[in-house]
Amino acid sequence: MLCGIVDMGSNSIRLCVYRCENGKFSQIINKKIMAGLAGYVKKGKLTSQGIEKACLALEEFQEILKGFQVDQTGIFATASLRNISNQDEVVNSIRRVTGILPEIISGQEEARLDFLGATHFYPMERGLMVDIGGGSTELVWFVKNGPKEMISLPMGSLSLYTRFAEGLIPTEKEQGKMRKFVRQALEEIEWEVRKGDCELACGIGGTMRMELQLAQELLGASKTKRTFTAEDADKLWEIAASPDPAQSKQAYRILPERMFSMVPGMILVQEIAKRFGSRSFYVSQAGVREGYLIDRFLNTGKF
């Protein structure tokens with residue numbers, strides 16, 4: 001059986017096709033379009049240009065899905081459509097143009113599916129799961145029996161950029177505003193996390209993959225262990241946020257498509273590490289899409 005999953009995120013819209021047999025699955029296609037929907041939100045509403053971007057991406061993916069003759073398809077949206085005030089208008093426009101009615105999942109549901117997907121291939125006894133997207137950040141504090149606390153915060157790498165930055169790279173002052181905003185949001189989380197509970201964090205999403213790739217390319221991190229440290233994250237921020245173009249270009253040359261969201265995403269990683277005492281991050285290859293597949297189509301989810 002072939003299953004197609006389309007994830008309408010705030011930064012990218014991604015299509016994955018999986019071959020599923022006997023409750024197990026393997027990915028055969030992974031294609032993304034950097035639609036940057038969060039950048040098209042004005043005064044809380046997704047603009048007509050943003051709607052057009054979403055429709056064009058979905059139409060392109062429809063053709064791929066038809067070509068592969070998938071047996072089941074799931075199309076869902078996260079913060080990209082969850083956090084806008086003209087949600088009904090946008091959904092109706094998408095349905096009128098493409099015939100698609102995307103499922104809009106709540107922040108809490110996104111966190112649950114994140115955890116299902118992230119721990120499917122990499123079981124952990126305890127720690128923190130972190131999903132930094134373009135428009136939201138999901139956190140799950142878990143122990144060996146499963147999630148202990150879950151939360152979705154309406155801030156992500158691209159939405160922070162849109163809210164606080166004016167130029168290509170956020171200025172020192174703009175970064176200070178971002179950091180203060182993030183820190184205040186994290187301080188309001190009233191979890192009774194003990195020292196050492198979240199030393200190891202499981203990271204998913206584009207920002208975490210970005211950090212891993214940059215750590216491998218610029219800092220010599222292992223290309224087989226899929227881990228980077230909080231210290232690595234600090235060093236990468238110093239490079240990307242440097243006022244010296246010769247320094248910052250090292251990062252942007254590797255991931256030019258992350259130019260707008262790179263520094264805000266790094267600030268989120270740094271502040272989360274400080275708030276929860278996370279010293280290292282394992283970057284999972286699976287996340288919300290795999291969680292959605294497991295939960296909706298394979299029916300093997302536990303939580």
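Here's a short tour of some salt bridges in this structure, which is a predicted model. A search of the whole thing turns up 17 of them.

**Stop one: Arg 82 and Glu 110.** Select both and show their side chains. They form a salt bridge, with the closest N and O atoms 2.9 Å apart. Colour helix H2 (residues 79–82) and helix H4 (residues 107–118) while you're there: Arg 82 sits in H2 and Glu 110 in H4, so this pair ties together parts that are 28 residues apart in sequence. Switch on a surface and check each partner. Arg 82 is buried, at 17% relative accessible area, and Glu 110 is buried too, at 5%.

**Stop two: Glu 271 and Arg 183.** Next, pick this pair, whose side chains meet in a salt bridge at 2.9 Å, N to O. Glu 271 belongs to helix H10 (residues 262–276) and Arg 183 to helix H6 (residues 172–187), so the link joins parts 88 residues apart in sequence. Glu 271 is buried, with a relative accessible area of 3%, whereas Arg 183 is partly exposed at 36%.

**Stop three: Lys 274.** Keep Glu 271 selected and add Lys 274. These two also form a salt bridge, their closest N and O atoms being 3.6 Å apart. Both lie in helix H10, three residues apart, or about one turn of the helix. Lys 274 counts as exposed, at 52% relative accessibility.

**Last stop: a network.** Now select Glu 103, Glu 109, Arg 112, Asp 295 and Arg 296 together. Salt bridges that share partners join these residues into one network.

Definitions and conventions. Residues numbered from 1 in each chain as written. Predicted model: local features only at pLDDT ≥ 70, side-chain atom pairs only at ≥ 80, totals over all residues. Heavy atoms only, no water. Salt bridge = Lys/Arg side-chain N within 4 Å of Asp/Glu carboxyl O. Helix = DSSP H or I, 4+ residues; strand = E, 2+ residues; numbered from the N terminus. Buried < 20%, exposed > 50% of the residue type's maximum accessible area, 1.4 Å probe, protein only.
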